[in-house]
Amino acid sequence: MSDYYNAFEISPVPDPGPDAVAPEPFRGIYGMPAFATIPTNDLAASVDFWIRGLGFIELFSIPGSLVHLRRWAFQDVLLVSAAGVPAQAPAVSFSFACVLNQIDALVEACRALNPNSVDGPRDTPWNTRDVEVITPENARIVLTAAKPFDPASQEARNLEAIGITPPGAGRGDNDEHV
């Protein structure tokens, strides 16, 4: 038995590329390996923003107290009723994968609901395009999409400098992990 498991086999995130297609929202029930719980003092407004702005679906709700939202498999958020929310967004953020062709539409949808809710998009040194969104509950959400890998890019050099090389490159030991 190998010490490493190819987690790409269970990930809903498609390979990056110009034709990458986002998976449909996953409506099944499973034991959630991780999820965010976000307090809100206006459950209806929060649900509206997360659905129309961020592309989540309502999986189920307990009226007046909790709404379970989801995008892809393993992208779960519980919005819970609370007396108040923080006055400003915390430094911590929650990141959700998307595909490149979703970024512009998500930015547009969030800005239509709240013009000041979006920062970006911006490209990162680790080869993603990220958008930061501040939700009505002042949660800091990052929508992140992998860009196609270009072995001649600065991003590839950044990754190689820390020991991450593309599969098959034979210049590191990470091939056994993918």
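**Charged pairs and cysteines: worked exercises**

Arg 52 has a relative accessible area of 52% and is exposed, a class that applies over 50%, with buried meaning under 20% and partly exposed lying in between (1.4 Å probe, protein chains only). This is a predicted model, in which local features need pLDDT of at least 70 and side-chain atom pairs count only at pLDDT 80 or more, while totals for chains, interfaces and linings use all residues. Residues are numbered from 1 along each chain as its sequence is written, and side-chain values use heavy atoms, with hydrogens and water left out.

**Exercise 1.** Find the salt bridge that joins Asp 48 to Arg 52 and place the pair in the fold.

*Solution.* Begin with the criterion, which asks for a side-chain nitrogen of Lys or Arg within 4 Å of a carboxyl oxygen of Asp or Glu. Asp 48 and Arg 52 satisfy it at 2.7 Å, N to O. Next, locate both residues in helix α1 (residues 43–53), where they stand four residues apart and are therefore separated by about one helical turn; helices are DSSP runs of H or I with at least four residues, strands are runs of E with at least two, and both are numbered from the N terminus. Finally, Asp 48 is partly exposed at 32% relative accessibility.

**Exercise 2.** Describe the salt bridge between Asp 123 and Lys 147.

*Solution.* The N to O distance for this pair is 3.5 Å. Asp 123 belongs to strand β6 (residues 118–123), whereas Lys 147 lies in the loop between β8 (140–146) and α3 (154–161), 24 residues apart. Lys 147 is buried at 11%, while Asp 123 is partly exposed at 41%. Both also join Arg 129 in a network of salt bridges.
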